[in-house]
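Student: I would like to go through some packing in this model. Please show it first.

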Amino acid sequence: MTCKSACQCSFRMASNSSLMSRCLNGRICRVAFTRSLSSVWCSRSYSGISIQKGELAAVLQADTVADTASDNGRKKERVVILGSGWAGYALAHSLDPSKYERVVISPRSYFVFTPLLASTAVGTLEFRTILEPVRRLKEVDLYQGWADDIDFTNKTVLVEANTADDLATKTIVSPTGGRPRVPGIKGKQYTVSYDKLAIACGAYSQTFGIEGVREHAHFLRDIGDARRIRLRVLSLFEQCSHRSVDPANKSTEDDTAGHLTDDDRRNLLHFAIVGGGPTGIEFAAELNDLIYEDLGPIYPDLLQFVQITVYDIAPKVLPMFDQVLAKYAMDTFARHGIQVRTEHHLERIRLADGPLGSEHGALKIKVRENGDEEVGAGLVVWSTGLMQNPLVSKLATKEFTLPSTETPQDPTPSRLLKDPKTGGLVTDAHLRARIDTPDGATKVLDDVFVIGDCAAVAENGRALPKTAQVASQQAVYLAKRFNAGDVEAEPFRFRNWGTLTYLGSWKAIHQSAADSLKGRTAWIVWRGAYLTKSMSIRNKILVPVYWIISWIFGRGISRF
């Protein structure tokens, strides 16, 4: 009998219902098998993949004994982590590899240090300085794909492989609310088994159903988003620098040649940022630095056409800061010439009419407060609100059964408890997923944990914010409890280290329970905090090196 699984070994059936053979690659395979009338499959415990096989249901472990056993000789528990963001990556990084087999399922193969994403979008930092490859984590298995479903009864995750590289690097919002897919391309599906499951798949950008946002706006949540924004900004300046007059002979070309007018340049060099939170404000500040410190000396004639505008529906931007710091931020923006439009509601984004839209990508924005008059823009960056991951929405409506110890022949149907306001999965104080049963009792799934933006965690009666700070602390707490083997020893407690926002020109604001800072002092705290929070030693070195390079030689302005 020949094994056709990924290990490519041959094996024989033994009388004690186990199979032993040596793989062609030199590893020892141990196969335990059972027969099944309804479903017959062969699965590798090494990779956690279940594949339709034949009449033999086997679990093939293509690891050496040292790989599958902990230091005390017992088999390691497999912890499957859905997502490689702040929560997922930090959990995989912090778990003890001698006690747990760590498996990460994510459509992208890296972690993004999002607080510095705006810096990469304008060339202050290079893209790789804020990336942490998941495969660099020792003894971590990565499956690059989307978790499509979870079978809580049999403790397996259905995964679809990510076959399109582009989807792993940028934010895409599906028109149907489902996860992004490339038309006509379907990745291979397989199942991954788990002993403990951590759902940390994050959230999607919220468009509020506004027409044209999905098609024409740029998001800023992944490294591919930052790269596209940088290329668009540089392209706009290059397009607007083309003149209708030849400097050599001063001859004016025919008006029908499609050259841009001053009004066209004013529209194209209008940069609209939607969202007055820290991400939107920091990007506006970084963009202003790029334009006036690096692009201005190259395109001095174009500065008269540049305008940066921040739109927000709230009465004030940066609502997490007190009134004094928020006013300081607005005063700083006013001195830089950045306009802030609060209580403004965007209703539509579309391509501009004529060649300006079709050839140059100019946009028209309809704002309720402006009536029928539309605002022209060359770039719209969307940074407002989160919507739940489609997987979370699917799981919240799914019924499943868990065997009961009292009545094992009559399992009780259950459903994950969903927060009605945020749509997140509700957890207990130990971050375990809570479930509802038909009898009205609320219980928990002992081996399923929810962390990050997809979790609804309340502390002292108040929901915790969906921030990187909360997600990373949840991951570190959970890893600590797993490593100690006492999940119920103490509940999760969030410690607020404060909020930081960069305002441009080496100025920032910082607020915490202990103090409030602004100006150059807050900027030093901002850079120091982000540097120390970088995950790897490599990036802790690269980030300050590129800061110095940008300060001495200027930002990277090459289009590639």
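Student: Which residues of helix 13 does helix 12 meet?

Tutor: Helices here are DSSP runs of H or I with at least four residues, strands are E runs of at least two, and both are numbered from the N terminus. Contact means heavy atoms within 4.5 Å. From helix 12, R527, L531 and T532 take part, and their counterparts in helix 13 are K540, V543, P544 and W547.

Student: What are the conditions on these values?

Tutor: This is a predicted model, where local features need pLDDT of at least 70, side-chain atom pairs count only at pLDDT 80 or more, and totals for chains, interfaces and linings use all residues. Residues are numbered from 1 along each chain as its sequence is written, and side-chain values use heavy atoms, with hydrogens and water left out.

Student: At what angle do the axes of helix 12 and helix 13 cross?

Tutor: Axes are lines fitted to C-alpha atoms, for helices over the stretch in contact, and angles between N-to-C directions run from 0 to 180 degrees. Helix 12 spans residues 520-533 and helix 13 residues 537-553. Their axes come within 8 Å, and the crossing angle is roughly 145 degrees.

Student: Why is one side of strand 33 and of strand 35 left without a neighbour in the sheet?

Tutor: Strands pair if DSSP finds at least two bridges between them. The open sheet has 3 strands in the order 33-34-35, with antiparallel pairing. Strand 33 (499-504) and strand 35 (516-519) each lack a neighbour on one side because they stand at the edges, each with a single partner strand.
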